[in-house]
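Student: I would like a close look at the enclosed space inside this protein and at the parts of the chain around it. Please take it slowly, and connect what surrounds that space to the rest of the fold.

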Amino acid sequence: MIVSDTKNYGRMYGLTTTENLIKLLQINNGIYEIIERDQKRKLYIDVDGYDKIEHILNAVRQILPNIKFYVSGSIGPKGNKKNYHSYHICSNYYFNNLNEMRGFKNYLKKLSNDLNLKNEIDYNGVYKSNQLFKCVNQSKRSDSKRIQKMILNKNIKKHLVKCIDNDDILVENQFNKY
């Protein structure tokens, strides 16, 4: 399930195949994935206002040494900030559903405290039922100039949270202690 949210057409919901979604993502159509509670989803992180994402990536690598990251984002003016950084980080690890992400969400909260980040890692807003997650090459309706560009890995499919490949790895109990 996806949603397109644009100024010209408003909000439209739809179902499509991965192949068709990749075609739609070639240009800005304001598309978001809808991540439903019981769907498989890649380990993903939403980081806003912080430019040193390598600190976050390295911390996660300590727990999942075989992780591969796929990073997209936008850098530029936002509000009163001249050089605002916003990143979506996907990986080759996945969870079977939202409930299995609980330990990871708690880990992100701990990581935020350890790195002295107050609001930069979103560990509350993006891990909910029926969550919208902006796709690559897309922008929000309210800010069409801030497009989510691919930064690390140019394969669109790797940036899709709900697109699990055969070589992706299930997160088992690595975050249970959090």
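Tutor: A cavity, as the word is used here, is a set of grid points where a 1.4 Å probe fits but cannot get out, whereas a pocket is an open set. The model is a predicted one, and in it the count comes to one cavity of 30 Å³ or more. The largest cavity has a volume of about 30 Å³. Its lining is made by Ser72, His88, Cys90, Phe133, Lys134, Cys135, Val136 and His159, and the elements that give two or more residues to that lining are S6 and S7. By class, the lining of this cavity divides into four nonpolar residues, three polar ones and one charged one.

The open space can be set beside the enclosed one. About 400 Å³ lies in the largest pocket, and of the 22 residues that line that pocket, Asp46, Ser86, His88, Lys134 and Lys140 are the closest to its centre. His88 and Lys134 therefore call for attention twice, since they line the largest cavity and are also among the residues closest to the centre of the largest pocket. Strands S4 (41-48), S5 (69-78), S6 (81-95) and S7 (131-134) each supply at least two residues of the pocket lining, with the largest share, four residues, coming from S7. The lining of the pocket has 11 charged residues, together with six polar and five nonpolar ones.

From the cavity one can also move to the nonpolar interior. Cys90 and Phe133, both in the cavity lining, are in contact with Tyr44, as are Ile35, Ile89, Met101, Phe104, Val126, Tyr127 and Val161, when neighbours within four places in sequence are left aside. Tyr44 belongs to the largest nonpolar core, a set of 36 residues, and is one of those that touch the most other members, along with Leu43, Ile45, Phe104, Leu108 and Tyr127. Two or more residues of this core come from each of S4, helix H2 (53-63), S5, S6 and helix H3 (102-114). Apart from it lies another core, of 10 residues, including Leu21, Met150, Ile156 and Leu160. In soluble globular proteins, nonpolar side chains tend to be buried together.

Strand S6 deserves to be followed further. Ser91 lies in it and counts as buried because its relative accessibility is 0%, with the limit set at under 20%. A polar atom of the Ser91 side chain lies 3.1 Å from the backbone nitrogen of Tyr93, and, beyond its sequence neighbours within four places, Ser91 is in contact with Lys42, Leu43, Ile67, Lys68, Phe69 and Tyr70. Tyr94, also in S6, is buried at 13% relative accessibility; with the same kind of neighbours left aside, its contacts include Lys42, Leu43, Ile164 and Val171.

On the S7 side, Lys134 of the cavity lining is in contact with Ser139, as are Asn28, Gly30, Tyr32, Ser144, Arg146 and Ile147, sequence neighbours within four places being left out. Ser139 lies in the loop between S7 and strand S8 (149-152), yet it counts as buried, at 3% relative accessibility, and its side chain is joined to that of Asn28 by a polar contact of 2.7 Å.

Notes:
Residues numbered from 1 in each chain as written. Predicted model: local features only at pLDDT ≥ 70, side-chain atom pairs only at ≥ 80, totals over all residues. Heavy atoms only, no water. 1 Å grid on protein atoms, 1.4 Å probe; cavity = no way out; pocket = protein on both sides within 12 Å on 5 of 7 lines; lining within 4 Å. Points joined across faces, edges and corners; volume = space filled by probe spheres on them. Nonpolar A, V, L, I, M, F, W, Y, C, P; charged D, E, K, R; others polar. Core = buried A, V, L, I, M, F, W, Y, C linked by side-chain atoms within 4.5 Å. Buried < 20%, exposed > 50% of the residue type's maximum accessible area, 1.4 Å probe, protein only. Contact = heavy atoms within 4.5 Å. Polar contact = N/O pair within 3.5 Å; in protein donor to acceptor, adjacent residues only side chain to side chain.
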